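Biologist: I should like to go through this structure with you, one question at a time. Please give the reasoning before each result.

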Amino acid sequence: MADRIRIGIAGPKTGPVAQYGDMQFLGARQAVKDINARGGVGGKMLEVKEYDDAADPKQAVEVANRVVNDGVRFLIGHVASSATQPASDVYEDENVLTITPAATSPEITDRGYRLVFRTIGLDSEQGPVAGDYIADHARPKTVAVLHDKQQYGEGLAASVRRTLERKGVEVAVFEGVNAGDKDFSSLVQKLKANGVDFVYWGGCHPELGQILRQARESGVKARFMAGEACANDSLSQNASEGLLVTVPRAFDADPENKAVVEAIKADGKDATGPYVFPAYSAVELIAQAVEAAGSEDAERVAKALHEGTFKTPTGTLSFDGKGDLKDFRFMVHEWHFGRPKTEVSRA
C-alpha cells in the first residue's frame with residue numbers, strides 16, 4: 001500500500017535458539033508500535049512482515065527469496081551469523097537493506113556490501129574483551145576454549161584464543177563439538193585429564209547447558225565463560241550460577257529507555273535480552289534514515305545511514321564504510337539465575 005512502508009523481520013521462531021529470535025521480534029515490534037504511535041515515517045505507517053528461518057542457513061536463503069518476492073525493501077535480521085551471511089547475499093543482489101541486531105561475525109560485513117548493517121558489535125571486539133578478562137582478572141592455570149563448529153561460535157572462540165596467546169596464556173585444549181550433541185562425556189574427561197580450571201565456550205546455550213551439567217556431575221570445578229548468546233536463564237540453574245558472559249550494555253537499565261521497558265513489561269514480556277534493544281534501534285535507524293534520505297529507495301537510505309548520526313535507545317549511532325558501528329562495547333557480567341547480572345569488568 002502506498003501509505004505504508006513494509007519492514008520485514010527475519011529470525012528463528014522455531015528451533016533450538018528460537019528465544020534469540022523472540023528477543024529480536026520483541027524489540028522490532030515495539031519500535032514499530034512506538035513509531036506508528038507518533039505518526040509513522042513521513043506520515044506513512046510501518047507495516048511488519050515476519051519470517052521464520054529457524055536459524056538455518058538454507059531456510060534463511062529461502063526466507064530471503066520470499067522477502068524479495070513480497071516486495072520488502074527493509075529487513076531487520078537475521079539473528080544467527082550462519083543464517084545472516086547467505087541471506088545477505090540475496091538482499092545485496094536484490095536491493096534490500098538489512099540491519100542485523102544479533103549476528104556478530106566479522107565475515108558478514110567484511111565483503112563490503114553497501115546494504116548490510118548491524119546494531120551489535122563484532123566477535124573480533126567481543127573476543128578480546130573475554131580474553132583480556134581471563135588473562136588479567138581470572139588468571140587461570142589451565143584454559144580450554146571450546147566451540148560448536150558454527151560461524152558464530154568458532155569465530156568467537158578463535159578470537160578469544162588469539163587474545164589469550166597474545167597475552168602469553170597457553171590454551172591447553174581447543175576443540176569443537178557438534179551443535180545438537182547431548183553426550184559430552186569424552187570432552188569432560190579431557191578437561192579433567194588436562195586439569196582445566198577455566199573453560200571458554202563459543203556457541204549458543206543448548207550445548208553449553210549440557211556441558212556445564214555433565215562437567216559438574218563429573219566433579220569438574222572449572223570456571224566457565226561464554227558470549228552474549230548464553231546470557232539467558234535457559235541454562236541449567238545450578239550449573240550456570242556464576243557463569244561469566246560478555247554482553248552489550250544493559251540498555252533496559254538506561255533511564256531514557258524507561259517508557260519502552262514499561263511498554264514491553266505491560267505486554268508480559270522481558271526487555272532484558274541482549275538483542276531486544278539492538279532490534280528496536282534497527283527499526284529506528286531505518287525510520288530516521290528514510291526521513292533523512294527523503295526516499296524509500298534502499299540505496300539512498302543506505303547512503304543516509306553511512307553518512308549520518310542517529311539517536312537511538314542504544315546510543316548515538318554512526319557507521320563505518322562496512323556497515324559496522326563505529327563504537328560498540330561489550331562488558332563482562334557474572335550471571336545469576338533469575339536475578340540481575342553483576343558487572344565485573346568494562347571494556
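Biologist: Is Cys 204 buried or exposed?
Modeller: This is a predicted model, in which local features need pLDDT of at least 70 and side-chain atom pairs count only at pLDDT 80 or more, whereas totals for chains, interfaces and linings use all residues. Residues are numbered from 1 along each chain as its sequence is written, and side-chain values use heavy atoms, with hydrogens and water left out. A residue is called buried under 20% relative accessible area, exposed over 50% and partly exposed in between, using a 1.4 Å probe and protein chains only. Cys 204 has a relative accessible area of 17%, so Cys 204 is buried.

Biologist: Is Cys 230 buried or exposed?
Modeller: The same scale of relative accessible area applies. The value for Cys 230 is 0%, and therefore Cys 230 is buried.

Biologist: How many disulfides are there by this rule?
Modeller: A disulfide is a covalent bond between the sulfur atoms of two cysteines, and the rule requires a pair of cysteine sulfur atoms within 2.5 Å. The closest cysteine sulfur to that of Cys 204 belongs to Cys 230, at 6.5 Å, which is too far for a bond. Seen from Cys 230, the closest cysteine sulfur is that of Cys 204, again too far for a bond. The number of disulfides by this rule is zero.

Biologist: Is helix H5 parallel, perpendicular or oblique to H6?
Modeller: Helices are DSSP runs of H or I with at least four residues, strands are runs of E with at least two, and both are numbered from the N terminus. Axes are lines fitted to C-alpha atoms, for helices over the stretch in contact, and angles run from 0 to 180 degrees between N-to-C directions; H5 (residues 123–138) and H6 (residues 151–166) have axes that come within 8 Å and cross at roughly 45°. Angles under 35 degrees count as roughly parallel, over 145 as roughly antiparallel, 65 to 115 as roughly perpendicular and the rest as oblique. The crossing angle therefore makes H5, relative to H6, oblique.

Biologist: How do the residues of the contact of H5 with H6 divide by class?
Modeller: Contact means heavy atoms within 4.5 Å. Residues of H5 including Ala 130, Asp 132 and Ile 134 meet residues of H6, among them Tyr 152, Leu 156 and Arg 166. Ala, Val, Leu, Ile, Met, Phe, Trp, Tyr, Cys and Pro count as nonpolar, Asp, Glu, Lys and Arg as charged, and the others, Gly among them, as polar. The residues of this contact divide into eight nonpolar, seven polar and three charged.

Biologist: How does helix H11 lie relative to H12, parallel or perpendicular?
Modeller: H11 (residues 276–293) and H12 (residues 298–307) pack with their axes 8 Å apart, at an angle of about 105°. That angle is why H11, relative to H12, is roughly perpendicular.

Biologist: How many nonpolar residues does the contact of H11 with H12 have?
Modeller: On the H11 side the residues are Leu 285, Ala 289, Val 290, Ala 292 and Ala 293, and they meet Arg 300, Val 301, Ala 304 and Leu 305 in H12. This contact has no polar and one charged residues, and its number of nonpolar residues is eight.

Biologist: Which residues other than its neighbours in sequence is Arg 6 in contact with?
Modeller: Arg 6 has its place in strand S1 (residues 4–11) and is partly exposed, with a relative accessible area of 33%. Its C-alpha atom is separated by 7.3 Å from that of Arg 73, although the two are 67 residues apart along the chain. Neighbours within four places in sequence being left aside, the contacts of Arg 6 are Glu 47, Lys 49, Asp 70, Val 72, Arg 73 and Phe 74.

Biologist: Is the peptide bond from Gly 77 to His 78 cis or trans?
Modeller: Most peptide bonds are trans. His 78 lies in the loop between strand S3 (74–77) and helix H3 (81–93). The bond from Gly 77 to His 78 has omega near -5°, and its form is cis.

Biologist: What is the phi of Arg 139?
Modeller: Most residues other than glycine have a negative phi. Arg 139 is found in the loop between H5 and strand S6 (143–147), and it counts as exposed at 64% relative accessibility. Although Arg 139 is not a glycine, its phi is positive, at about 45°.
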